[in-house]
Amino acid sequence: MHLGRDCHCVDTTDEGTRTRSSDAWRKIGHSSSHWPLMRRRIKCLAMKFKHRNCFLWFSALTCSFGGLLLLVGRNYTASVPVLETYDFVNGDPVRVEFKPRWSDKCHPVTKLAFLKVHKAGSSTVANIIQRFGFTRNLNFVVPRKPLHTFAYNYIGHRGDTVSRDRILPPPPGESYDILWNHVTYNHDAFREIMPKDTRYISILREPFDQFVSAYEYYVLVGKRRNETLHQHRNPIADYLDNEGQRSVRSRMDRVRNSQSYDMGFTFPALSNKTEAMAYIGHLDGDFDLVMLMEYFDESLVLLKRIFCWSLKDILYFHHNKNSRRQQWMFSRDHYGKHRNISRADYDLYNHFRKVFWKKVWSQGSDFFEEVRYFKQLLHQLRDYCIVGRTLEVPPSVWGDGFVVDQRDCFYIKMSELAFFDRILNTTYTKISSNANSFHKPH
């Protein structure tokens, strides 16, 4: 029974032998790591195999090959399926070599300040920035606090901005490259510390969703959380119906106007709409990019393009994510009440949401193609990092090829504070020759 140029299967009843085309299986084996292509070829062959025994033979070999991939485990190096780098000629895949779009147009940004906003996905972004700076031996702004004390990763206390007496000095003759710690934004204070060519980024979250997350994280903890769940009630709705409405509208705390607080809003700006919008305008001029948690992957691809980073630089696992979050029920009235007590957060978010999408649309239609490719890459990353396998990513229109080994996976999975300990130790080593200029906390 002849099946065409790519594959054939012969059944000889007198000898009971079956033969296969080595050329066809070499092609299939070559693309075995490209699962979408593999599925297409299997489906095609299955339709052609009218002889039942021949189809069973093919299925058995396919399953055996898949099992072999699982058995080799850590010694197996896999490639990411990149459909964008293939074309089909007469039904066969042909590799097409692409030149990275920005390789000859820009240089990676290595001086940046990331303003962390509470409960807005900032810990995941922090890992990306920590990994970027640590692997390039860049100089971090590090708080001058004893190791492993309360909030030792904060610069000063909540509400404080950056100042030289609150941070360790940079290495002799050098400047700071990266600021990423929790600290309240202040235009003048940041620019007194960071070099003139520093780029500024931050991230925001839809205000009501951020409020619920902050309330769960800061209020519903320990015994109080267990009691609340046992009583089957919604304490967040109770707060909005009672305590939240008794508070003044201009108040800022961890669950009211929290994002505005981190971005450096003053109390007058909260109570005066004109002042609030004027300050938001200043922030718009200060920040090169304000990402949105609801569009996290789109934000990272935009960051990659604006800062001329690589896809490897923006790979991530989620960090400090609330895996125990409840599904609370809220009425339209509750959303309106929260808007009344957190007006500044809504003005802030709505403004930068418009700015964000304006930047996205300016990238062109291929932006969403890169986002789709990035999402595929993230799925592959999680699979291979979990089982300890090496991931090879071939060159594509979105950048040069690269390899993600177990060292990379280790850094991607590392918690924010664990990474900060490494950065802190490296910083002490760098400035040890200038030991008399600072007092090392104990």
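Visitor: Which residue is the bridge partner of Leu115 in β8?

Guide: That's Ser202. Before we go on, keep in mind that this is a predicted model.

Visitor: Okay. How many bridges join β6 to β8, and which way do the two strands run?

Guide: There are four bridges between β6 and strand β8, which covers residues 199-204, and the two run parallel. You've already met one pair, Leu115 with Ser202 in β8. Another is Ala113, whose bridge partner in β8 is Tyr200.

Visitor: What sheet do these strands belong to, and in what order do they come?

Guide: Here's a general idea to carry along: in a regular strand, side chains alternate between the two faces of the sheet. In this structure, four strands make an open sheet, ordered β7-β6-β8-β9, with parallel pairing. At the edges sit β7 (178-179) and β9 (289-292), each of which pairs on one side only. Helix α4, residues 122-134, packs on this sheet and touches β6, β7, β8 and β9. The direction of α4 makes about 160° with that of β6.

Visitor: And how many bridges join β8 to β9?

Guide: Four again, and β8 and β9 run parallel. Look for Leu204, for instance: its bridge partner in β9 is Leu292.

Visitor: Is β8 largely enclosed by the rest of the structure or largely open?

Guide: Largely enclosed, because five of the six residues of β8 are buried. For the wider picture, buried residues make up 50% of the 442 residues in the protein chain.

Visitor: Let's turn to the cysteines. How many disulfides does the structure hold?

Guide: A disulfide is a covalent bond between the sulfur atoms of two cysteines. This structure holds two of them. One is formed by Cys106 and Cys308, with their sulfur atoms 2.0 Å apart. The angle about the S-S bond is 80°, and the link of Cys106 and Cys308 is right-handed.

Visitor: Which parts does the pair of Cys106 and Cys308 tie together?

Guide: Cys106 lies in the loop between β5 (92-95) and β6 (112-115), while Cys308 lies in the loop between α13 (296-307) and α14 (332-341), so the pair ties together parts that are 202 residues apart in sequence. Their surroundings are worth a look too. Cys106 is partly exposed, with a relative accessible area of 26%, whereas Cys308 is buried, at 13%.

Visitor: What about the disulfide of Cys385 and Cys409: how far apart are the sulfur atoms?

Guide: In that disulfide, the sulfur atoms of Cys385 and Cys409 are 1.9 Å apart. With -75° about the S-S bond, the link is left-handed. The pair links distant parts of the chain: Cys385 is in helix α16 (residues 366-387) and Cys409 is in helix α17 (residues 406-413), 24 residues apart. Both cysteines are buried.

Visitor: At what angle do α16 and α17 pack?

Guide: Two packed helices are described by the angle between their axes and the distance between the axes. For α16 and α17, the angle is about 105° and the axes are 10 Å apart. That makes α16 roughly perpendicular to α17. Where they meet, Leu381, Tyr384 and Cys385 come from α16, and Gln406, Cys409, Ile412 and Lys413 come from α17. By class, the residues of this contact are five nonpolar, one polar and one charged.

Visitor: Which residues of α6 and α14 meet?

Guide: Pro207, Phe208 and Phe211 in α6 meet His334, Tyr335 and His338 in α14. That contact has four nonpolar, two polar and no charged residues. Helix α6 covers residues 207-218, and its angle with α14 is about 90°, with the axes 10 Å apart. The two helices are therefore roughly perpendicular to each other.

Visitor: While we're on α14, is Ile341 buried or exposed?

Guide: Ile341, which has its place in helix α14, is buried, with a relative accessible area of 2%. Now find Arg256. It is 85 residues from Ile341 in sequence, yet the two are 6.6 Å apart in space, C-alpha to C-alpha.

Visitor: To finish, how many helices and strands does the protein chain have?

Guide: It has 18 helices and 11 strands. And of the contacts in the chain with a separation of 6 or more, 73% are between residues 24 or more positions apart.

Note on methods
Residues numbered from 1 in each chain as written. Predicted model: local features only at pLDDT ≥ 70, side-chain atom pairs only at ≥ 80, totals over all residues. Heavy atoms only, no water. Disulfide = S-S within 2.5 Å. Buried < 20%, exposed > 50% of the residue type's maximum accessible area, 1.4 Å probe, protein only. Axes fitted to C-alpha atoms, helices over the stretch in contact; angles between N-to-C directions. Parallel < 35°, antiparallel > 145°, perpendicular 65-115°, else oblique. Contact = heavy atoms within 4.5 Å. Nonpolar A, V, L, I, M, F, W, Y, C, P; charged D, E, K, R; others polar. Pairing = 2+ DSSP bridges.
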